[in-house]
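Visitor: I am new to reading structures, and I would like to be taken through this one step by step. Could you show it to me before I begin asking?

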Amino acid sequence: MQIEAQPFTYEFDLAKTALVLIDMQRDFIEPGGFGETLGNDVSLLEAIVPATKTTLEAWRAAGGLVVHTREAHKPDLSDCPPAKRNRGNPTLRIGDAGPMGRILVMGEPGNQIIEALAPVEGEIVVDKPGKGAFYATGLHEMLKRRGITHLLFGGVTTEVCVQTSMREANDRGYDCLLLEDCTESYFPAFKAAAVEMIRAQGGIVGWTAPSAALLAALG
Ligand code: TIU
């Protein structure tokens with residue numbers, strides 16, 4: 001299959017490709033979560049939910065593998081280095097009790113994937129303590145076992161967890177494509193810059209394309 005992408009056509013085999021949705025969890029997308037405690041306007045992120053849902057449903061219908069990630073820490077925060085917890089000047093820190101439970105802690109209401117994109121049976125759900133999906137998760141081994149070589153990325157936020165994960169994947173040998181309208185940042189200029197830098201220099205990190213181009217490829 002082929003996707004009309006930038007900087008040039010992206011070719012993939014459905015059986016060797018996974019759709020990876022990064023951190024579409026309530027913590028970032030709904031008011032009262034980590035995103036808002038950092039001072040961000042979370043309504044910007046909600047805008048990508050319809051296109052992401054359409055893409056997810058089309059990918060499922062085609063029989064493609066789906067990976068969902070969550071930025072999530074153990075309740076005792078043993079996997080959250082003080083350097084991460086203390087960064088910035090949030091109103092609530094990782095592990096503190098907020099309106100949706102403890103911030104970025106596994107099992108709490110805020111840590112769940114939003115209802116519109118909730119995982120279904122057979123999909124991989126990865127809890128990750130870092131910004132990148134490959135750090136301390138076993139994701140690379142899970143994908144290798146399934147023969148996955150190509151990754152289509154969506155999720156939030158573009159320049160933080162999505163771009164970090166794409167760069168990690170690129171270094172591990174995956175051909176990566178970012179679905180431009182299935183990713184968002186709290187800072188529109190950062191999203192625009194991330195999309196540009198990913199596909200610059202002949203696709204130094206990977207490809208980018210609108211989700212319509214993937215839907216066209218899936219027919
Ligand atoms: N703050 C921000 O833009 N992002 C994060 O902290 N995590 C993710 O991107 N998931």
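Guide: One term will help us from the start: a residue is called exposed if 12 or fewer other C-beta atoms lie within 10 Å of its own, and buried if 20 or more do so. Please keep in mind as well that this is a predicted model.

Visitor: Is Thr 91 buried or exposed?
Guide: Thr 91 is found in the loop between α5 (82-85) and β5 (97-98). Counting around Thr 91 gives 11 other C-beta atoms within 10 Å, and the cut-off for this class is 12 or fewer. Thr 91 is therefore exposed.

Visitor: What distance separates the C-alpha atoms of Thr 91 and Gly 39?
Guide: Along the chain, Thr 91 and Gly 39 are 52 residues apart. In space, the separation of their C-alpha atoms is 8.1 Å.

Visitor: Is Asp 23 buried or exposed?
Guide: Asp 23 sits in the loop between β3 (17-22) and α1 (26-29), and although it is not a glycine, its phi is positive, at about 55°. Asp 23 also belongs to the residues that surround the ligand. Because Asp 23 has 28 C-beta neighbours inside 10 Å, it counts as buried.

Visitor: Is Gln 201 buried or exposed?
Guide: Gln 201 is not a glycine either, and it has a positive phi of about 55°, but its place is in helix α8. Since Gln 201 has 9 C-beta neighbours inside 10 Å, the class it falls into is exposed.

Visitor: How many residues of the shell around the ligand are charged?
Guide: The ligand is surrounded by several residues, including Phe 28, Leu 38, Glu 71, Lys 131 and Tyr 186. Sorted by class, the shell has six nonpolar residues and one polar residue, and the number of charged residues is three.

Visitor: Which residue does a cis peptide bond join to Val 156?
Guide: Val 156 is among the residues around the ligand, and the cis peptide bond that follows it has an omega of about -15°. The partner in this bond lies in the loop between β8 (150-156) and α7, and it also belongs to the surroundings of the ligand. The residue joined to Val 156 is Thr 157.

Visitor: Are α7 and α8 roughly parallel or roughly antiparallel?
Guide: Two packed helices are described by the angle between their axes and the distance between the axes. For helix α7 (residues 158-171) and helix α8 (residues 188-203), the axes come within 10 Å and cross at roughly 20°. Angles under 35 degrees count as roughly parallel, so α7 and α8 are roughly parallel.

Visitor: Which residues of α8 make the contact with α7?
Guide: On the side of α7, the contact is made by Thr 158, Glu 159, Gln 163 and Met 166. The residues of this contact divide into four nonpolar, two polar and two charged. Those contributed by α8 are Phe 190, Lys 191, Ala 194 and Ile 198.

Visitor: How many charged residues does the contact of α4 with α9 have?
Guide: Helix α4 (residues 49-62) and α9 pack at an angle of about 20°, with their axes 10 Å apart. Ala 51, Thr 54, Thr 55, Ala 58 and Ala 62 of α4 meet Ser 211, Leu 214, Leu 215 and Leu 218 of α9. By class, this contact has six nonpolar and three polar residues, and as for charged residues, there are no such members: none.

Key
Residues numbered from 1 in each chain as written. Predicted model: local features only at pLDDT ≥ 70, side-chain atom pairs only at ≥ 80, totals over all residues. Near = placed C-beta within 6 Å. Nonpolar A, V, L, I, M, F, W, Y, C, P; charged D, E, K, R; others polar. Axes fitted to C-alpha atoms, helices over the stretch in contact; angles between N-to-C directions. Helix = DSSP H or I, 4+ residues; strand = E, 2+ residues; numbered from the N terminus. Parallel < 35°, antiparallel > 145°, perpendicular 65-115°, else oblique. Contact = placed C-beta atoms within 7 Å.
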